[in-house]
Amino acid sequence: MENGNIINKIKRAHYYLFYKLYKWYENSEFAYWSDWKAGISIMVLEIGITMSIFCYYQVFIDRYFRLNRDVFIGIGILISLFNYYYFTISDRWKKYFKEFEKLPKKKNILGGWLVFGFIILIIANIIFSFYLMSLIDWGQYKK
């Protein structure tokens, strides 16, 4: 599989996640600013993934590593800018949205369950990484 194809699949999955979150917010009691809410939800998931990666790094590779606040804020800003461009400024998501609307109902329901499972997996991953961090006596690793 060539790189362009993998990148396109990741991009398409990212847009599908946005689409499903958007539809979920649109079908809720407060159906306004659904694009913003979906974008913020994705941003929170991405920050959670980033946090868990740093937790795993600290638990398994370098227990003396410390992520300072400025670097963490910088990562959050980069993720925010990326999502702002990806989902707000650029209207590309609307093209994908129309494409996803044409999917057969059965396939869209299955996709919804996959998205739900993916979100649950990310949340479980974050909780597990924090759990692993809690098992360590960090007092012996202070510099």
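**Exercise 1.** In which helix does K20 lie?

Solution. The model is predicted. Helix 1 covers residues 3–26, and K20 lies in this helix.

**Exercise 2.** Decide whether K20 is buried or exposed, and determine its salt-bridge status.

Solution.
- Step 1: K20 is classed as buried.
- Step 2: look for a partner. The nearest side chain of opposite charge belongs to E101, and it is 7.6 Å away.
- Step 3: apply the cut-off. A salt bridge requires a side-chain nitrogen of Lys or Arg within 4 Å of a carboxyl oxygen of Asp or Glu. K20 has no salt bridge.

**Exercise 3.** Which residues does K20 touch, leaving out those up to four places away in sequence?

Solution. With those neighbours not counted, the residues touched by K20 are N108, G111, G112 and V115.

**Exercise 4.** Describe the fold of the protein by its secondary structure and its contacts.

Solution.
- Step 1: count the elements. The protein contains five helices and zero strands.
- Step 2: read along the sequence. The pattern is α-α-α-α-α.
- Step 3: consider contacts with a separation of 6 or more. Residues 24 or more positions apart account for 77% of them.

**Exercise 5.** Give the extent, burial, surface and charge of the protein.

Solution.
- Step 1: the C-alpha trace spans about 55 × 40 × 30 Å along its principal axes.
- Step 2: 32% of the 143 residues count as buried.
- Step 3: the accessible surface is about 10,200 Å², and carbon and sulfur atoms make up 67% of that.
- Step 4: there are 19 positive and 11 negative side chains, with the centres of the two sets 5 Å apart.

Methods:
Residues are numbered from 1 along each chain as its sequence is written. This is a predicted model: local features need pLDDT of at least 70, side-chain atom pairs count only at pLDDT 80 or more; totals for chains, interfaces and linings use all residues. Side-chain values use heavy atoms; hydrogens and water are left out. Helices (H or I, at least four residues) and strands (E, at least two) are DSSP runs, numbered from the N terminus. Buried means under 20% relative accessible area, exposed over 50%, partly exposed in between (1.4 Å probe, protein chains only). Lys and Arg count as positive and Asp and Glu as negative; His and the chain ends are not counted. Contact means heavy atoms within 4.5 Å. Accessible areas come from the Shrake-Rupley method with a 1.4 Å probe; for residues, only the protein chains shown count as cover. The place of a charge is taken as NZ of Lys, CZ of Arg, CG of Asp or CD of Glu.
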